[in-house]
Amino acid sequence: MTTQTEEKQSAAKQVFVGLQMLFVAFGALVLVPLITGLDANTALLTAGVGTLLFQLCTGKQVPIFLASSFAFIAPIQYGVQTWGISVTMGGLACTGLVYLALSTLVKLRGVAALERIFPPVVVGPVIIIIGMGLAPVAVDMAVGKGSAYAYNDAVLVSLVTLLTTLLVAVFGKGMMKLIPIMFGIAVGYVLCLFLGLIDFQKVIDAPWFSLPNITAPEFKLEAILYLLPIAIAPAVEHVGGIMAISSVTGKDFLKKPGLHRTLLGDGLATTAASMLGGPPNTTYAEVTGAVMLTRNFNPNIMTWAAIWAIAISFCGKVGAFLASIPTIVMGGIMMLVFGSIAVVGMSTLIRGKVDVTEARNLCIISVVMTFGIGGMFVDVGGMSIKGISLCAIVAIILNLILPKAENKID
């Protein structure tokens, strides 16, 4: 099958396909700020800026799009409640240092060095905890807990939204299959309109043009230490994302431009997003799927997707419309999305052929799962390490100190 080359695509087509790629990413992109209380327009802005920074670092060779990372949802919620948005953004901005360290490691020691420090037995259970830790949040929002919505209305809307998303994800064809979140939100929103649960006045009153809300970061050591380890899981997942787009395009991006450059680009995008008040960025599997489906391998398309995201971020009515989406609709979506994060962790263990009956692996996975689900915390010098951060640190330490089985070969 012949692929579309840069020469065969007109500028007009690149602009249109770029908008299409943004549409594929849009549902997941705005989901994170809507859940965490950040500004959706700011998330659009930082997704565009982050993608352009990534392209700058990689020489505009990799056709992928960067946007809001689900891995940071729970940490952002905890951070905002504990320290406020500014301090949380400061901590998130520092997570780019993790990407920088990993980029340097890959540059000096090669890709294999990542596998030795972050094997599937470390990354898998941490990702599972990220998903499972969010499950109560999804259920609370789905049943309308702490909101003005009646229980019956909340359950009806959230289940219809969930069912729609499931049906599109399973039975959808072509591009439709790549945007189940968009369909779920649309159906849930229309149902809320019929039930009279939406006040559309704020959308009407909102200006067409307005600046995204920029939040300047503040830096607090406790927040930084809490958030730094969380970046490990999405950073290692990034390797899988680059391998996926390499397989789709038939090019080895691990070698050219090199994994060290893609990691650096991801880290700079995350830091830049947080410095502006947006959620950390990550590569989007949905967009990779759209690239495979449409056979549009031209990186210029992602440039246009980024430009579209930045342009739309300055539309006040878009932000007001997104803010009008009821939390019970988001709850229906999250019951699938958060569970799927845990499934990614499980698949990491399966793909890595981790023998969970082997004593060493059993100890690592068991301790991480118990710490994560049980809410274990450790107070160090007046600071508390808990949740995903503690799980990541414990998994790495146990992997380094526990001896491997003698019959296992690296």
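**Entry 1: cavities**

I looked for enclosed cavities in this predicted model and counted 1 cavity of 30 Å³ or more. I noted a space of about 40 Å³ in the largest cavity.

I then listed the residues that line the largest cavity: Val122, Val123, Val126, Pro229, Ile232, Ala233, Ala392 and Ile396. Helix 7, helix 12 (232-249) and helix 19 each give two or more residues to this lining. I recorded helix 7 as the source of the largest share, with 3 residues. Sorting the lining by class, I found 8 nonpolar residues, and no polar or charged ones.

**Entry 2: helix 3**

I turned next to helix 3, which spans residues 73-82. I found its buried residues to be Ile73, Pro75, Ile76, Gln77 and Gly79. I looked up what these buried residues pack against and obtained helix 1 (11-36), helix 4 (85-94), helix 7 (120-142), helix 11 (221-227), helix 17 (327-351) and helix 19 (387-401). Helix 7 and helix 19 are thus among the packing partners of helix 3, and both also contribute to the lining of the largest cavity. Just after helix 3, I noted that Gly84 has a positive phi of about 95°.

**Entry 3: Ser313**

I located Ser313 in the loop between helix 15 (299-312) and helix 16 (316-323). Is Ser313 buried or exposed? I entered Ser313 as buried because its relative accessibility is 0%, and buried means under 20%. Leaving aside residues up to four places away in sequence, I found that Ser313 touches Asn41, Leu44, Leu45, Ser210 and Pro212.

How values were computed:
Residues numbered from 1 in each chain as written. Predicted model: local features only at pLDDT ≥ 70, side-chain atom pairs only at ≥ 80, totals over all residues. Heavy atoms only, no water. Buried < 20%, exposed > 50% of the residue type's maximum accessible area, 1.4 Å probe, protein only. Helix = DSSP H or I, 4+ residues; strand = E, 2+ residues; numbered from the N terminus. Contact = heavy atoms within 4.5 Å. 1 Å grid on protein atoms, 1.4 Å probe; cavity = no way out; pocket = protein on both sides within 12 Å on 5 of 7 lines; lining within 4 Å. Points joined across faces, edges and corners; volume = space filled by probe spheres on them. Nonpolar A, V, L, I, M, F, W, Y, C, P; charged D, E, K, R; others polar.
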